Protein chains: 4
Amino acid sequence: MGAWFSYPGAMPKRLIVGLLLLAALPATAAEPSRARLRDLGVTIGTMTPGKYNAITDVPGVKVGQVTLVRGDGKMTPGKGPVRTGVTAIVPRDDVWRKKVHAASFALNGNGEVTGTHWINEAGWLETPILLTDTLSVGKVSDAVVTWMGGRFPKMGDGDDVVLPVVAECDDSFLNDQQGRHVSTADVIRAIDGATSGPVAEGAVGAGTGMVAFRFKGGIGTASRKLSKEEGGYTVGVLVNCNMGTREDLRIDGVPVGREITDLMPRYKPSDGSIIVVVGTDAPALPHQLRRIAMRAAMGLARTGTTARQSSGDFMLAFSTATVVPHGPDALTMPITALHNDAINPLFQATIEATEEAIGNALTSATTTVGRDGNTAYALPLDRLKTVMKKYGRLKEPVAR
Amino acid sequence: MGAWFSYPGAMPKRLIVGLLLLAALPATAAEPSRARLRDLGVTIGTMTPGKYNAITDVPGVKVGQVTLVRGDGKMTPGKGPVRTGVTAIVPRDDVWRKKVHAASFALNGNGEVTGTHWINEAGWLETPILLTDTLSVGKVSDAVVTWMGGRFPKMGDGDDVVLPVVAECDDSFLNDQQGRHVSTADVIRAIDGATSGPVAEGAVGAGTGMVAFRFKGGIGTASRKLSKEEGGYTVGVLVNCNMGTREDLRIDGVPVGREITDLMPRYKPSDGSIIVVVGTDAPALPHQLRRIAMRAAMGLARTGTTARQSSGDFMLAFSTATVVPHGPDALTMPITALHNDAINPLFQATIEATEEAIGNALTSATTTVGRDGNTAYALPLDRLKTVMKKYGRLKEPVAR
Amino acid sequence: MGAWFSYPGAMPKRLIVGLLLLAALPATAAEPSRARLRDLGVTIGTMTPGKYNAITDVPGVKVGQVTLVRGDGKMTPGKGPVRTGVTAIVPRDDVWRKKVHAASFALNGNGEVTGTHWINEAGWLETPILLTDTLSVGKVSDAVVTWMGGRFPKMGDGDDVVLPVVAECDDSFLNDQQGRHVSTADVIRAIDGATSGPVAEGAVGAGTGMVAFRFKGGIGTASRKLSKEEGGYTVGVLVNCNMGTREDLRIDGVPVGREITDLMPRYKPSDGSIIVVVGTDAPALPHQLRRIAMRAAMGLARTGTTARQSSGDFMLAFSTATVVPHGPDALTMPITALHNDAINPLFQATIEATEEAIGNALTSATTTVGRDGNTAYALPLDRLKTVMKKYGRLKEPVAR
Amino acid sequence: MGAWFSYPGAMPKRLIVGLLLLAALPATAAEPSRARLRDLGVTIGTMTPGKYNAITDVPGVKVGQVTLVRGDGKMTPGKGPVRTGVTAIVPRDDVWRKKVHAASFALNGNGEVTGTHWINEAGWLETPILLTDTLSVGKVSDAVVTWMGGRFPKMGDGDDVVLPVVAECDDSFLNDQQGRHVSTADVIRAIDGATSGPVAEGAVGAGTGMVAFRFKGGIGTASRKLSKEEGGYTVGVLVNCNMGTREDLRIDGVPVGREITDLMPRYKPSDGSIIVVVGTDAPALPHQLRRIAMRAAMGLARTGTTARQSSGDFMLAFSTATVVPHGPDALTMPITALHNDAINPLFQATIEATEEAIGNALTSATTTVGRDGNTAYALPLDRLKTVMKKYGRLKEPVAR
């Protein structure tokens with residue numbers, strides 16, 4: 001128990017408390033010691049990011065997050081410590097009445113994304129997407145019903161009933177997951193508090209308790225803007241990372257996980273899961289969105305993960321280009337459709353943004369101490385830069 | 001029987017109360033005025049049913065149901081009236097540690113069956129299957145977590161987390177669905193109270209508030225026993241019926257819905273949904289169980305439904321022949337596998353039992369008055385017999 | 001007509017020749033003794049057929065068929081007798097440059113429909129659909145390449161290469177299938193000879209050697225026209241029927257196969273297959289066309305078949321509403337999209353037309369004697385009418 | 001147009017002839033100037049290859065290839081030049097009577113793999129797998145029928161008909177593909193000549209005319225052997241590479257395609273395709289083989305390709321562990337089944353072997369001049385080593 005625990009030196013209780021306080025800061029608070037991949041001089045792919053390099057670069061898309069960090073010490077099932085949260089991706093305002101086209105893909109279905117039967121049947125998404133921990137899926141799903149009922153009182157009383165979209169990853173290494181600490185109020189706060197602009201990354205929202213590549217994982221995002229000739233569309237990706245063994249980890253093709261072999265959790269957490277949400281304003285039809293969702297899996301594969309048995313690796317893609325009305329006035333609607341021959345830049349954008357979003361999750365996440373003192377260490381940025389440089393990838397070292 | 005037949009005339013309060021009392025009887029209570037399809041002289045297909053003509057004819061399979069009937073009169077969202085419930089299908093005792101092979105199929109995905117990503121990825125089912133109303137899915141899912149936590153305290157604390165399997169239909173024509181009246185205790189009672197032997201049908205459990213073919217629908221079951229030469233296996237089906245327009249309805253090919261055009265609900269309920277659960281002790285592998293699940297859709301098609309836009313038509317199939325251990329001691333296990341060339345009798349059994357289970361739901365369900373006095377009328381058995389006779393199908397009239 | 005009825009007595013050579021001459025008549029020749037289901041007084045469903053009650057009622061859709069009937073007597077593998085052919089469904093002229101939206105569904109994949117990977121990936125169909133016998137798939141596929149090369153000399157020389165769509169059923173009970181008797185010229189003749197208007201049914205084209213429900217099967221077609229309020233669209237279906245056991249057969253729900261138990265082939269042919277092609281001018285998107293294709297499987301299920309192990313039961317659906325250009329000038333295109341809420345009439349139309357097309361195949365097909373004197377008997381129309389009447393279905397007997 | 005055309009110096013006609021003669025050597029001839037990735041000091045992943053680092057390391061698996069190189073100069077459609085061939089993967093001797101479990105996955109379905117409907121329905125593979133050029137699929141499929149007919153004269157005459165498995169890539173940049181130059185004799189020679197042991201790679205068999213990452217592509221293979229604790233199983237992969245843009249190319253994560261930007265084809269070939277065949281002796285069930293096939297797509301993703309619109313990216317996986325009899329004596333069979341919890345090493349092995357097989361194709365393929373003098377240049381090995389060294393990956397330079 002000694003060696004690894006002594007990193008970075010026996011951690012004094014004070015420090016643990018400090019870390020907890022840090023984590024308890026508002027989700028959008030900047031953490032000066034962390035950075036995004038691109039700030040470190042690591043550039044994934046060749047395409048240009050959008051303004052915030054975030055899923056919110058897709059016009060109308062909003063993200064809201066509630067981070068729950070309470071208590072410390074030994075786990076008392078049902079009581080804590082709490083290291084979890086909820087992340088809401090709102091495809092657009094009033095998505096129930098103005099549905100977006102959508103599709104999903106399961107690379108490895110050891111997990112849950114509720115609502116995908118309907119997404120894939122209808123080709124549309126009509127609710128926010130909620131990310132949370134595994135055992136809270138039921139409660140979060142129920143909370144979405146409450147939220148919808150508040151906005152649409154006729155739901156289930158004349159109007160259609162809602163089928164919530166809730167995706168989970170297992171944060172039981174850090175979190176008292178049995179306690180199911182995400183409340184209805186938390187879910188409503190995440191949805192109603194969703195905003196455009198920068199997105200908090202790392203140990204925030206649903207990412208609070210996640211572990212990826214045996215480092216601290218969590219929320220990451222990135223985007224790509226197509227050239228005017230390619231249509232000028234934006235592709236944004238948001239991930240909740242909880243997957244991967246250490247030795248798997250590649251960043252921009254560099255075997256980082258073979259170079260940084262310490263800072264391991266005290267025991268092997270479950271193999272995790274990852275949720276990848278892709279938004280775009282390109283007018284991709286549902287069958288094309290499924291193709292795009294599959295490219296998110298290719299971006300994931302580039303990070304070295306192997307979609308292990310215990311990993312629930314899910315991709316959701318939606319397009320805001322078309323407004324599909326709820327309770328339409330007409331049988332048909334005029335829409336704009338992307339020709340398949342124009343889809344390649346969207347594929348590339350999705351792959352690049354997924355790979356970068358995962359990197360951003362790692363470089364943004366902060367060391368988190370959870371139940372029983374279990375610790376998921378942050379990927380150390382200086383060492384990362386050293387490794388990237390060793391492998392010829394840090395072309396322009398960035399002064400920090 | 002007169003007054004309330006004279007829709008839209010006023011229903012005397014006394015009668016409503018009487019009906020409610022009837023509905024409030026224990027779920028397993030025999031209702032003398034109702035019958036199963038076969039008792040009426042209508043025989044679906046050519047194969048022989050098992051002892052109870054129920055999914056529980058598959059050795060080890062149990063069913064538990066909790067029926068919730070409370071209040072009457074105008075709906076007060078969140079307060080009632082309550083016409084809902086929960087039905088639990090337990091594939092075998094301790095299915096978490098002794099998983100069954102399984103697969104699912106969505107004929108029309110306008111609905112929710114949680115847990116299917118994992119069922120189809122792993123090829124196994126490791127929990128009970130819960131049926132309930134749409135808006136209660138979250139609460140029931142959460143209740144399964146509670147139930148599992150009670151049995152397996154290490155779940156999410158060292159052991160894997162559970163991915164509940166909860167399937168829904170929309171009962172908002174009769175039930176205050178917004179109230180989400182199924183409690184954790186109800187779910188636990190349904191699972192823990194599951195028994196082998198006869199299964200209550202009609203307006204019970206999750207079927208309490210269902211409407212099928214604009215008649216009262218709900219739970220139905222049937223089974224088929226293969227001959228010794230075919231392997232001697234049993235196929236059992238349980239359905240929760242909530243789908244279909246009146247004119248669609250065919251029973252054994254007879255257009256019953258075109259013959260009985262009255263007894264309609266006062267307004268068109270949503271197009272419903274149906275959940276079909278198929279169990280067998282035949283050693284079908286997961287890919288073969290998917291094939292069997294698709295045959296359940298063919299049995300459904302025989303009843304005349306068209307899997308309409310608003311209908312969530314889902315099939316789940318499992319086989320108890322193989323015990324897949326949780327946390328296995330070895331990398332492999334010796335199993336018995338069905339050869340594809342032996343699968344035809346299982347297909348036929350599934351189709352026949354599905355068609356008959358749907359019929360049983362209709363002939364078993366009792367007239368139910370719900371919110372706002374909305375009434376789903378029972379399929380009148382005498383008239384059914386008359387129709388079947390007219391179309392040459394009542395070969396052996398059964399004395400009742 | 002007596003002698004050959006007296007199976008297994010010897011069939012006089014004279015009769016065989018006569019039958020062959022009959023079969024060798026031009027495919028479009030009326031056979032006075034046969035009829036379509038509707039002419040017999042059997043009406044499937046409630047919707048109205050199009051002008052020809054054929055897939056060609058969908059504007060622009062054409063069908064071409066080449067029937068190959070040569071030789072008689074004992075089979076000499078590779079030499080004959082020949083009882084096969086090819087049927088071409090042309091979604092519209094120049095479909096390579098003006099692609100149609102499309103999707104496919106496999107109810108039971110024991111068979112081949114080439115080209116479906118691309119159909120489902122792209123969401124479009126860009127070639128004619130060819131139906132033929134199983135072992136001729138390679139030759140017919142190669143012939144489509146030749147046909148395409150003749151029209152598009154740059155194909156594979158600058159332009160894209162073609163991925164032919166060829167669907168098969170096994171006609172080896174009647175045909176020397178090993179001989180692969182469909183030639184490139186036959187295929188080109190079928191495509192180039194495709195016409196709108198009435199479609200020959202029964203033992204013609206790819207249906208020449210087919211057996212369905214142990215009767216003579218083959219080509220059938222039907223259509224439905226939606227009301228103006230439903231959009232006024234047309235749904236057309238064409239089937240090649242080769243599936244089903246006798247006892248399975250239901251026509252409009254009537255168990256015809258249990259009533260007519262003679263006229264059986266001398267030995268059990270393979271369990272067959274069925275190809276169902278659905279065309280429509282409704283602006284269904286690819287994901288909606290997959291839903292429609294699944295409804296064709298529901299229409300099939302109504303006929304009593306169980307999609308047996310040896311049966312390749314495939315559905316293809318296409319929409320002519322959208323023209324997807326080959327080598328587009330722009331990244332996007334304005335199109336009209338069907339709202340999901342308007343899809344139900346298309347579902348019902350597909351189910352009805354599929355059921356009726358299968359019936360038409362049976363009532364149109366003529367007794368065919370093939371290899372080794374193997375005989376597939378036509379469904380006897382008088383007896384069919386008697387059965388339908390017995391079961392209360394022949395409301396208006398039609399004078400013939 | 002100058003610089004890259006002059007590589008390796010204006011190519012004198014003599015040299016072209018010489019190259020052609022070289023290419024015309026028996027497929028198994030060693031090409032001294034080429035090497036496998038591992039020989040160059042590039043090691044993909046961490047697992048150990050089998051004896052030959054080839055799909056043939058899986059006991060019983062054989063590969064046969066026929067390389068067709070004829071003519072040079074300007075293309076005369078139908079006449080040549082010929083740069084194509086056929087590769088046969090034989091899962092085991094007499095696979096018709098001793099079927100292997102199997103599954104397929106389409107990452108991007110712009111292409112053809114015939115026979116997959118049946119593979120995925122039955123969960124088995126019962127024929128050799130044939131790889132060839134796109135327009136030859138029909139002829140090769142027909143040739144498989146001929147080959148089967150020679151071995152099983154009752155096929156289609158009492159016994160089942162065969163559904164050939166033929167996968168294609170488009171070699172029209174180098175080959176007169178319109179000529180469809182693969183003959184029945186070639187196919188039979190490839191199947192009957194299949195052997196265990198080393199497998200020829202690069203511009204051989206179906207790989208003769210392929211272009212990958214704008215370099216010369218073609219056939220590659222690799223394998224991994226699991227440790228005894230992991231079951232001791234072997235996973236072998238064979239690819240036919242025809243996909244990818246230059247800038248995509250990553251080898252072991254190193255952006256080789258951004259470093260070697262010359263040696264480009266004179267015009268952009270189509271975006272290609274890739275076929276990945278995975279064999280194993282691990283007792284994976286069909287649903288597990290689909291999971292393994294999906295990991296092949298992850299290995300592909302690691303090479304930087306994005307599965308572009310025009311690319312047909314298909315994965316097939318089979319297991320030789322189980323013998324599924326043709327025409328079984330019994331309804332069931334005792335088999336050994338892999339537990340899902342033991343699948344991770346198979347995932348990793350598949351990913352590693354796929355990535356390495358693609359690398360082997362590139363490092364083995366030789367510069368090929370085809371139609372119109374179109375030239376696909378071999379990836380220059382010295383420059384590759386320089387690049388790998390620059391990026392810190394050539395740990396142990398190998399003397400050559």
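Start by selecting chain C and chain D: a turn of 180° with 0.0 Å of shift along its axis lays chain C on chain D, at an RMSD of 0.0 Å. That is how a two-fold axis relates two copies. To find the axis from the chain C side, go to Gly138(C), whose C-alpha is the nearest to it in that chain, at 2.0 Å. The fit is by least squares on the C-alpha atoms of residues with pLDDT of at least 70 in both copies.

A quick note before moving on: this is a predicted model, where local features need pLDDT of at least 70 and side-chain atom pairs count only at pLDDT 80 or more, while totals for chains, interfaces and linings use all residues. Residues are numbered from 1 along each chain as its sequence is written, chains are lettered from A and ligands numbered from 1 in the order written, and side-chain values use heavy atoms, with hydrogens and water left out.

**Stop 1: where C meets D**

Keep both chains on screen and show the residues in contact (heavy atoms within 4.5 Å). You should get 43 residues of chain C touching 43 residues of chain D. Both copies use the same surface, since 100% of the contact residues of chain C recur in chain D.

How much area is buried between chain C and chain D? About 3,300 Å², with carbon and sulfur atoms giving 50% of it. Buried area here is the accessible area (1.4 Å probe) that two parts lose on being put together, summed over both. Now pick His117(C), Leu135(C) and Arg180(C): in chain C these lose the most area to chain D, together 18% of what that side buries.

Stay on Arg180(C) and add Asp142(D). The two form a salt bridge, with the closest N and O atoms 3.1 Å apart. The term means a side-chain nitrogen of Lys or Arg within 4 Å of a carboxyl oxygen of Asp or Glu. Between chain C and chain D the count is four salt bridges.

**Stop 2: where D meets B**

Hide chain C and bring in chain B. Here too a turn of 180° and a shift of 0.0 Å along the axis lay chain D on chain B, with an RMSD of 0.0 Å. In chain D, look for Ile335(D), whose C-alpha is the nearest to this axis, 2.7 Å away.

Across this interface, 32 residues of chain D are in contact with 32 residues of chain B. The copies meet through the same surface, because 100% of the interface residues of chain D are also interface residues in chain B. About 2,400 Å² is buried between chain D and chain B, and carbon and sulfur atoms give 61% of that.

Select Glu121(D), Leu331(D) and His339(D) next: in chain D they lose the most area to chain B, together 27% of what that side buries. Then zoom in on Glu121(D) with Arg291(B), whose side chains meet in a salt bridge (2.7 Å, N to O). The interface of chain D and chain B has two salt bridges.

**Stop 3: rings inside chain D**

Over all chains there are 14 aromatic pairs. For one of them, select Trp118(D) and Trp124(D), an edge-to-face pair with 5.6 Å centre to centre and 85° between the planes. The rule pairs rings of Phe, Tyr and Trp (its six-membered ring) if their centres lie within 6.5 Å; planes under 30 degrees apart are stacked, over 60 edge-to-face and the rest tilted.

Are these two rings buried or exposed? Trp118(D) is buried, at a relative accessible area of 6%, and Trp124(D) is buried too, at 5%. Buried means under 20% relative accessible area, exposed over 50%, and partly exposed in between (1.4 Å probe, protein chains only).

Finally, add Lys99(D), which lies over the face of Trp124(D), 5.3 Å from the ring centre. For such a charge over a ring, NZ of Lys or CZ of Arg must be within 6 Å of the ring centre and within 35 degrees of the ring normal. Elsewhere in chain D, Arg246(D) lies over the face of Phe215(D), at 3.5 Å from the ring centre.
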